[in-house]
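Please have your viewer ready, with secondary structure drawn as a cartoon and side chains available on request. The stops below are meant to be followed in order.

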Amino acid sequence: MLPNVSEAVRSNYPNFYDLYDKIESIYNSTTNYTDEKYLCHCDFFNTNILFKGENSYIIDWEYAGNDDPAADLGVFVASSDMTMEQSLNLLTIYEGREMDEKKYKHFVSY
């Protein structure tokens, strides 16, 4: 369903419909694999992780809420300089083993 935006506003963006279709496809991909929600940070940038000795601390929980853990990892990867290979390896580290295909697709969507 298209957002409630007038055709006049949409015409300011020549590729509006193409971009909308791509965003809708990505959104559908994130919702097709699970509807489970968890308490998540929702602002999981590398600057919100502090290290002191052997300990790490996640700070700035102001956006925390009921969300999808794949969103936290997606934001973390997007804000990092990780390669695609490193990002995919992160999923195994996060899961503690290889993810099943459905969960893997869900996380990669983010």
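The tour goes from a pair of aromatic rings to a hairpin and then to two helix contacts.

This is a predicted model, in which local features need pLDDT of at least 70 and side-chain atom pairs count only at pLDDT 80 or more, while totals for chains, interfaces and linings use all residues. Residues are numbered from 1 along each chain as its sequence is written, and side-chain values use heavy atoms, with hydrogens and water left out.

Begin by selecting helix α2, residues 16-32; helices here are DSSP runs of H or I with at least four residues, strands are runs of E with at least two, and both are numbered from the N terminus. Show the side chains of F16 and Y20, which both lie in α2, 4 residues apart, or about one turn of the helix. The structure holds 3 aromatic pairs (rings of Phe, Tyr and Trp, the last by its six-membered ring, with centres within 6.5 Å). The ring centres of F16 and Y20 are 6.1 Å apart and their planes lie at 20 degrees, so this pair is stacked (planes under 30 degrees apart, whereas over 60 counts as edge-to-face and the rest as tilted).

Next, select strands β2 (residues 49-52) and β3 (residues 55-58), which pair in the antiparallel sense over 4 bridges, pairing being called when DSSP finds at least two bridges between two strands. I49 has I58 of β3 as its bridge partner. In this hairpin, with 2 residues between the strands, G53 takes a positive phi near 60 degrees.

Move on to helices α3 (residues 69-78) and α4, whose axes come within 11 Å and cross at roughly 140 degrees (axes are lines fitted to C-alpha atoms, for helices over the stretch in contact, and angles run from 0 to 180 degrees between N-to-C directions). That makes α3 oblique to α4, the word for angles that are not under 35 degrees (roughly parallel), over 145 (roughly antiparallel) or 65 to 115 (roughly perpendicular). With side chains displayed, P69, L73, F76 and V77 of α3 can be found meeting S87, L90 and Y94 of α4, where contact means heavy atoms within 4.5 Å.

Finally, keep α4 (residues 84-95) selected and add α5 (residues 101-109); their axes come within 11 Å and cross at roughly 125 degrees. That makes α4 oblique to α5. The contact is made by L88, L91, Y94 and E95 of α4 together with K103, Y104, F107 and V108 of α5.
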